[in-house]
Amino acid sequence: MEAKSGTTEMFIGLEERYGARNYRPVPVVVDRALDCLVWDVQGREYIDMMGAYSAVSHGHLHPRLVAAARRQLEKVAVTSRAYHSNTLGPFLAKLCELAGFDRALPMNTGAEAVETAIKCARRWGYRVKGIPDGRAEILVARGNFHGRTNTIIGFSSEAEYRADFGPFTPGFRHFDFGDMASIEAAAGPHTCAVLIEPIQGEAGVIVPPPGFFRELRDWCTRNRVLLIDDEVQAGLGRTGRWFAFEHEGIRPDALILGKALGGGLLPVSAFLADAPVMDVFNPGSHGSTFGGNAFAAAVALEGLLVLEEEKLVERAAEMGPLLMRRLREVQQAAGPLVRDVRGRGLWVGVDIDPARGSAREIVERLAQRGVLSKETHETVIRFAPPLTVTPALIDKATAIFRDVVAS
């Protein structure tokens with residue numbers, strides 16, 4: 001059915017009639033967007049304070065990314081990895097240069113990159129560490145969110161994500177996020193890796209205690225365990241550094257990127273590691289028809305150049321404290337309704353006391369007033385605008401938020 005003019009109710013009705021019921025969107029029907037602004041089908045303007053979960057870090061339809069996409073679409077888009085392309089090599093080279101790793105393996109979605117990391121960690125455990133076949137274990141944090149594939153939800157600690165989808169893949173053991181004693185208790189002789197987010201996004205923008213990742217890095221080194229850092233949301237400038245691990249002055253053994261890597265135009269992800277880890281893969285051991293396609297590589301390379309040349313990482317470092325300060329002013333005005341404001345860079349969670357208010361209701365009221373956000377776990381409202389956000393937009397959006405929670 002061709003998209004055409006219609007009412008909000010009509011488009012929502014079509015989705016509800018013909019779509020699976022696996023989402024509960026905020027009742028806004030987006031028609032177009034540009035940079036940090038979104039307009040719905042009835043012409044109402046919104047400030048985007050979500051950034052598509054960090055996928056739109058460059059702003060909507062960044063002109064350089066749109067131009068790069070158009071140039072490549074006039075040449076070739078997808079041929080599969082059966083052949084080389086003149087866009088993939090330059091993209092991988094730039095990505096490895098920025099992240100500081102020897103090699104990168106391109107995929108599409110963040111979940112695919114996580115699955116790639118799991119396969120790599122297990123094969124490294126068997127072929128390099130010498131773990132007996134079929135016994136490798138990966139440590140994962142309670143409250144984690146690494147994607148929606150069956151393997152990944154199998155090691156989620158959220159009952160809702162797991163309900164009636166089993167049986168699940170074994171080989172994962174849980175620890176408490178930010179707690180080294182818990183990691184040591186969960187580890188065993190067959191531990192090959194720790195898979196962890198630098199900040200737990202879906203859990204409510206949970207920031208670990210200072211020094212935790214330094215301790216974890218040292219522990220992994222001593223115990224010959226891979227430290228795999230999932231920065232699908234946190235990476236590429238979101239926290240005010242190129243990569244969140246830089247805040248702790250450490251380097252993981254492997255890095256997972258996604259979302260912003262596609263410039264807000266298409267899904268692009270990657271798994272990065274040095275040669276001694278990545279080279280456990282050989283031809284035929286892993287792949288993806290669309291992963292690393294010429295179109296995706298061209299857009300992703302331009303996205304990295306935009307982040308670098310337009311200093312969007314530095315911008316996030318500058319705008320982040322302003323966003324945090326304004327949201328903490330909202331907390332003071334809201335009294336006991338807001339229990340906490342936490343985050344890093346342009347990624348902040350506002351924790352709502354469920355006994356005093358509903359995060360979902362507040363999000364919907366924000367949308368009615370022209371600010372787009374999204375709740376998580378019923379109690380936390382997330383703010384993660386494009387890295388191009390201005391002080392004026394932050395002030396306007398947070399002033400509206402203040403009015404909403406005070407009313």
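A residue counts as buried under 20% relative accessible area, as exposed over 50%, and as partly exposed in between. Keep that in mind while looking around this model, which is a predicted one.

Start with two loop residues that have an unusual backbone angle. Lys259 sits in the loop between β9 (254-257) and β10 (269-273), and its phi is near 45°, a positive value in a residue other than glycine. With 31% relative accessibility, Lys259 falls between the two cut-offs, so it counts as partly exposed. Glu378 belongs to the loop between β14 (374-376) and β15 (380-383). Its phi is positive too, near 70°, and again the residue isn't glycine. At 55% relative accessibility, Glu378 is over the upper cut-off and therefore counts as exposed.

Thr87 makes a third stop, in the loop between α2 (63-73) and α3 (88-99). Its relative accessibility is 9%, so Thr87 counts as buried. Here are the three side by side:

| Residue | Relative accessibility | Class |
|---|---|---|
| Thr87 | 9% | buried |
| Lys259 | 31% | partly exposed |
| Glu378 | 55% | exposed |

What does the side chain of Thr87 touch? It makes a polar contact with the side chain of Ser85, at 3.3 Å. A polar atom of the Thr87 side chain also lies 3.0 Å from the backbone oxygen of Ala294. Setting aside neighbours within four places in sequence, Thr87 is in contact with Gln72, Asn293, Ala294, Ala297 and Ala298.

One more loop is worth a look. Pro167 lies between α6 (159-162) and β6 (172-175), and the peptide bond leading into it from Gly166 is cis, with omega near 5°.

Now for a sheet. Four strands form an open sheet in the order β1-β2-β3-β13, with mixed pairing. The edges are taken by β1 (30-34) and β13 (371-372); each has a single partner strand, so one side of each is left without a neighbour in the sheet. Further in, β2 (residues 37-40) and β3 (residues 45-48) run antiparallel and are joined by 3 bridges. Val38 stands opposite Tyr46 of β3.

Last, the second largest pocket, which holds about 470 Å³ of space. Its lining is made up of 19 residues, and the closest to the pocket's centre are Arg81, Leu105, Pro106, Phe281 and His286. Which element gives the largest share of that lining? Strand β4 (residues 103-107) does, with 5 residues. Sorted by class, the lining has 8 nonpolar, 7 polar and 4 charged residues.

Technical notes:
Residues numbered from 1 in each chain as written. Predicted model: local features only at pLDDT ≥ 70, side-chain atom pairs only at ≥ 80, totals over all residues. Heavy atoms only, no water. 1 Å grid on protein atoms, 1.4 Å probe; cavity = no way out; pocket = protein on both sides within 12 Å on 5 of 7 lines; lining within 4 Å. Points joined across faces, edges and corners; volume = space filled by probe spheres on them. Nonpolar A, V, L, I, M, F, W, Y, C, P; charged D, E, K, R; others polar. Buried < 20%, exposed > 50% of the residue type's maximum accessible area, 1.4 Å probe, protein only. Polar contact = N/O pair within 3.5 Å; in protein donor to acceptor, adjacent residues only side chain to side chain. Contact = heavy atoms within 4.5 Å. Pairing = 2+ DSSP bridges.
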